[in-house]
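Hi,

Here is the structure I promised to pass on to you. Have a look at it first, and then read my notes below.

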Amino acid sequence: MTGEKGFMEKYTSYRFGAGRYLQEPDILAHSGGEICRYGKKVYVIGGPKALRLTWDTLEKSFQSAGLDWVSEEYSGFPSYAKLDALRPKIRENGCDVLAGVGGGRIMDLVKAAGADLGLPVVLIPTSAATCASFSPLSVMYTDEGRCVGYWHFEYEVNSVIVDELIMAAQPPRL
């Protein structure tokens, strides 16, 4: 503290990163156990390519950990309209933790849904070309893809799970 009057009002603190960050080859095989730290039933949202790439391993890990799940493939933008559509699905299914699998748009959508519903968030990025899994904000869009602003969060995500085998297999642009 500098002793200046109003120091706390003058500066804003931001959280960076995740409560837990796991990175190693084949870590997806242990994702169910990590997600179980936060809840008993996970709502998984993933991009089409990301889910094709990871789903067999995720499903086996969820089964092994005794974790229940609901999954949804989504290829659109993180929007308030999508949040409105997700809210009842997540509640009706009794999910108590959210997981995002994919790139930046999925990460932003899941972080926003977690903040909106007050649920823990676990992110599983499949692209190293984005900081979305590690940044405490979501870029929000219209359903058509026009940016409408940024949603800054009070808290960082609960866990980020990075499988080095998946990252190493991605095209150079990712």
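**What I found**

Let me start with one pair: valine 122 stands opposite serine 159 in S8. The names of helices and strands, such as S8, come from DSSP runs (H or I over at least four residues for a helix, E over at least two for a strand), numbered from the N terminus. Please keep in mind that this is a predicted model, in which local features need pLDDT of at least 70 and side-chain atom pairs count only at pLDDT 80 or more, while totals for chains, interfaces and linings use all residues. Residues are numbered from 1 along each chain as its sequence is written, and side-chain values use heavy atoms, with hydrogens and water left out.

**The overall picture**

The protein has 6 helices and 8 strands. Read from the N terminus, their order is α-β-α-β-α-β-α-β-α-β-β-β-β-α. Of the 174 residues in the protein, 44% are buried. Here buried means under 20% relative accessible area, exposed means over 50%, and partly exposed lies in between (1.4 Å probe, protein chains only). For contacts, meaning heavy atoms within 4.5 Å, I looked at pairs with a separation of 6 or more: 75% of these are between residues 24 or more positions apart.

**Strand S5 and its partners**

Back to the strand that holds valine 122. How many residues of S5 are buried? The count is 5 of 5. Val121, Leu123 and Pro125 point one way from S5, while Val122 and Ile124 point the other way. Strands count as paired if DSSP finds at least two bridges between them. S5 pairs with S8 in the parallel sense over 2 bridges, and with strand S4 (residues 97–102), also in the parallel sense, over 5 bridges. In that S4 pairing, glycine 102 has proline 125 of S5 as its bridge partner. Between S4 and S5 the chain passes through H5, and this β-α-β crossover is right-handed. That term means that, with the strands pointing away from the viewer, the path from the first strand over the helix to the second runs clockwise.

**Strand S2 and its partners**

S2 is largely enclosed by the rest of the structure, because 5 of its 6 residues are buried. It runs parallel to strand S3 (residues 68–73), joined by 6 bridges, and glycine 46 has glutamate 73 in S3 as its bridge partner. Together with helix H3 (residues 48–65), S2 and S3 make a right-handed β-α-β unit. S2 also pairs with S4 in the parallel sense, over 5 bridges, where valine 42 stands opposite valine 97.

Valine 44 is a good residue to click on in S2. Is it buried or exposed? Valine 44 counts as buried, at 1% relative accessibility. Its C-alpha is 4.7 Å from that of alanine 99, although the two are 55 residues apart in sequence. Leaving aside neighbours within four places in sequence, the contacts of valine 44 include Trp55, Phe62 and Val101.

**The nonpolar cores**

A nonpolar core is a set of buried Ala, Val, Leu, Ile, Met, Phe, Trp, Tyr and Cys residues joined through side-chain atoms within 4.5 Å. The largest one has 26 residues, and those with the most contacts inside it are Tyr43, Ile45, Leu86, Ile90, Leu98 and Val110. Elements that each supply at least two of its residues include S2 (41–46), H4 (80–92) and H5 (104–117). Which element gives the most to this core? H5 does, with 7 residues. A second, separate core of 18 residues includes Leu28, Trp55, Val97 and Val122.

**Two aspartates**

Aspartate 108 is in helix H5 and is buried, with a relative accessible area of 8%. Its C-alpha is 6.3 Å from that of proline 78, 30 residues apart along the chain. Aspartate 26 is in the loop between strand S1 (18–24) and helix H2 (31–36), and is partly exposed, at 42% relative accessibility. Aspartate 26 has a positive phi of about 65 degrees although it is not a glycine. Most residues other than glycine have a negative phi.

Happy exploring!
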